[in-house]
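Student: Could you take me through one part of this model closely, and then set that part against the rest of the chain? I would like a connected account rather than a list.

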Amino acid sequence: MLPGQGGRARITVRPGRSVRGRTPFAVLVVLLLGAGLLGLLALNTALNEGSFELSRLNRQTTVLTDEQQGLQHQIDQNSAPDALSRRAVELGMVPAGGMAFLDLPNGGAVVGTPKPAQDSPPVKRSTVEPWPGKQPAPAQPSAQPTAQPSAQPSPAAPAAPGTGGDVTVQVNPGPARPAPAAGGGGAR
């Protein structure tokens, strides 16, 4: 203390900090908080869009699963033995006669008695399309039937009446291939 002041503290004004120095810091803090809030808003919006997309895809999955199960049920119904039998009769097929099997482990013994299928001949051709929904392929005009004797009748080409033999019809025969050389490997 100085003499004569009587114990009082003296107040002096010092040049130094101004209020202007705090303003940029406050603005920076407000901008950072605003940017953070906008970022949270954008993140929340993106999550909500993803949630809507997920629920849409779940609904679509449910619809497609129901459709797949319906189609599988339809396939199962059409594959049932009674449905196959009914469809075969519609196409003009007849049940097989007695069947025979070869028992290979026992020296190829024939088990059973083979019999031909019995039906009132001739079997009428069915007018029902075997595979509904599929259009038959148009006949190619370049098909040239060739008659060749055969040891077995071809199921696609029955013997012509009055010919006395089996006839095989070949449509668009490929070019004849030469027999492979007897020496083994070919030139590369």
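**A close look at the second helix**

Tutor: With a relative accessibility of 21%, arginine 87 counts as partly exposed, and this residue is a convenient place to enter the predicted model. Arginine 87 forms a salt bridge with glutamate 90, in which the closest N and O atoms are 2.9 Å apart. The two partners both belong to helix α2 and lie 3 residues apart there, so about one helical turn separates them. Glutamate 90, for its part, has a relative accessibility of 35% and therefore also counts as partly exposed, since that class lies between the limits of 20% for buried and 50% for exposed.

Helix α2 covers residues 81-90, and its axis comes within 5 Å of the axis of α1, the two crossing at roughly 65 degrees. On the α1 side the contact is made by Gln77, Asn78 and Ser79, while α2 contributes Pro81, Ala83 and Leu84. Taken by character, the residues of this contact divide into 3 nonpolar, 3 polar and no charged.

Helix α1, which spans residues 23-79, carries a salt bridge as well: glutamate 53 is paired with arginine 56, and their closest N and O atoms are 2.6 Å apart. Here too the spacing is 3 residues within the helix, which means that about one helical turn lies between glutamate 53 and arginine 56. Glutamate 53 is partly exposed at a relative accessible area of 38%, and arginine 56 is likewise partly exposed, with a value of 37%. By the rule applied, the count of salt bridges comes to 2.

Elsewhere on the surface, Leu37, Leu40, Leu43 and Leu47 make a nonpolar patch of about 440 Å². One of these residues, leucine 37, lies in helix α1 and is exposed, with a relative accessible area of 59%. A residue needs over 30% relative accessible area to be admitted to a patch, so leucine 37 at 59% satisfies that condition.

To place these details in the whole chain, the secondary structure comes to 2 helices and 2 strands, and from the N terminus on the elements run α-α-β-β. Of the 188 residues in the chain, 2% are buried. The accessible surface of the chain comes to about 17,400 Å², and 62% of that surface belongs to carbon and sulfur atoms. As for contacts between residues at least 6 apart in sequence, 32% of them join residues at least 24 apart.

How values were computed. Residues are numbered from 1 along each chain as its sequence is written. This is a predicted model: local features need pLDDT of at least 70, side-chain atom pairs count only at pLDDT 80 or more; totals for chains, interfaces and linings use all residues. Side-chain values use heavy atoms; hydrogens and water are left out. Patches are made of residues with over 30% relative accessible area and no salt bridge: like charges are joined within 9 Å, nonpolar side chains (Val, Leu, Ile, Met, Phe, Trp, Tyr) within 5 Å. Accessible areas come from the Shrake-Rupley method with a 1.4 Å probe; for residues, only the protein chains shown count as cover. A salt bridge is a side-chain nitrogen of Lys or Arg within 4 Å of a carboxyl oxygen of Asp or Glu. Helices (H or I, at least four residues) and strands (E, at least two) are DSSP runs, numbered from the N terminus. Buried means under 20% relative accessible area, exposed over 50%, partly exposed in between (1.4 Å probe, protein chains only). Axes are lines fitted to C-alpha atoms, for helices over the stretch in contact, and angles run from 0 to 180 degrees between N-to-C directions. Contact means heavy atoms within 4.5 Å. Ala, Val, Leu, Ile, Met, Phe, Trp, Tyr, Cys and Pro count as nonpolar, Asp, Glu, Lys and Arg as charged, and the others, Gly among them, as polar.
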